Amino acid sequence: MSITVNSDNGIALEPGLYIVATPIGHLEDITVRAISVLGQVDIIAAEDTRHSSRLLQKYQINTPLTPYHDHTNPAQRAKIIVRLQQGQTVALISDAGTPLISDPGFRLVLEAREMGINVVPVPGACAAIAAICSAGLPSDRFLFEGFLPPKTGARLETLNTRVDEIATLVYYESPRRLADTLRDMAQVFGDDRAAVIARELTKLHEQIEAGTLLELIDRVDADDNLRRGECVLLVKGCEVVKGDGLSHEVIAIMRVLVAELPLKQAAKLAAQITGEKKNALYSWGLANQDNNND
Ligand code: SAM
């Protein structure tokens, strides 16, 4: 497919740093404005210049590329900042999707903004957004968590901080770790928590698998394909607990105490720790007895 793009009605781009989203799979998932901006800027800073040159070739964009990573080489950032200070236009792209979303760019954007340089978003594809809008989990509130730690201990610790989160949780995960991560999630959130694996979005083998965490573990164990490609893992938020009005922190304290003590004593101690009314805590404990004994 070929697209003819007129550069913004012939008006030159304002000097500045353009944060340009590129496709997450399907090469046509790029906006007309993104193609126009990439064709006009003085230089494109890219995570992997070889990888990005394929996309640029497809749209006949001949703008020179320069590598950019936030951490490996501070000199790369300094060179880009000098260009921007000279009034040039620079586009930042990543290998796929929106720069800065689990991708390089934060330090560059921060430094540019601190220097009063114009930073312009050119929005488009993002795997987290593609996943949340197709997963069938509540999308009114979601929490993007990026990648979990690769080792089980740290991963469990991180997941535990979200045990009472009511928003849908959105994680990026490597297919190699998918099975282990699902098991850790089941341990923390419970076997029955609803979840979705959204893999290979916008690509040939796109697949959106929904089920409880336990069901997904079984399917991943049985089907090698689910452990291939790229995936976003979504977990439904915690159901709002009866005894509304108590904060998640207070409920978390109650959960720890009722696991070790009789309810009456747990409510008394929690009241001393949190300043909440003992009766409210006791009622919450009664209403959630089944959940607490899991
Ligand atoms: N900046 C990108 C974005 O806007 O989504 C994310 C980059 S991050 C380094 C790469 C991770 O995003 C992958 O490991 C995977 O979790 C997720 N991802 C990227 N493309 C995907 C796709 N087509 N389908 C499912 N997940 C994808």
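This tour of a predicted model proceeds from the domains to helix α10 and then to Glu-145.

**Domains.** Begin by colouring the protein chain by its domain assignment, which gives domain 1 (16–125), domain 2 (128–235) and domain 3 (248–292). Next, place a centre on the C-alpha atoms of domain 2 and another on those of domain 3; these centres lie 30 Å apart.

**Helix α10.** Select residues 263–274, the twelve residues of helix α10. From the first C-alpha to the last, α10 reaches 16 Å, close to the 16 Å expected at 1.5 Å a residue. Now display the side chains of Leu-263, Ala-266, Ala-267, Ala-270 and Ala-271, which are buried. Turn the view to look down the axis of α10: the buried residues fall within an arc of 135°, so they line one face of the helix. On the other side of α10, select Lys-264, Gln-272 and Ile-273, which are exposed. Then move to Gly-275, which follows α10 and has a positive phi, near 85°.

**Glu-145.** Select residues 142–147 to show strand β6, where Glu-145 is found. Is Glu-145 buried or exposed? Neither term applies: Glu-145 counts as partly exposed because its relative accessibility is 21%, whereas buried means under 20% and exposed over 50%. To view its surroundings, add Arg-162, Leu-169, Val-170 and Tyr-171; these are the residues in contact with Glu-145 when neighbours within four places in sequence are left aside. Finally, draw a C-alpha to C-alpha distance from Glu-145 to Ala-75: the two are 70 residues apart in sequence and 30 Å apart in space.

Definitions and conventions:
Residues are numbered from 1 along each chain as its sequence is written. This is a predicted model: local features need pLDDT of at least 70, side-chain atom pairs count only at pLDDT 80 or more; totals for chains, interfaces and linings use all residues. Side-chain values use heavy atoms; hydrogens and water are left out. Helices (H or I, at least four residues) and strands (E, at least two) are DSSP runs, numbered from the N terminus. Buried means under 20% relative accessible area, exposed over 50%, partly exposed in between (1.4 Å probe, protein chains only). Contact means heavy atoms within 4.5 Å. The expected span of a helix is 1.5 Å times one less than its number of residues. The arc is that of the directions from the helix axis to the C-beta atoms. Domain bounds come from an automatic or database domain assignment.
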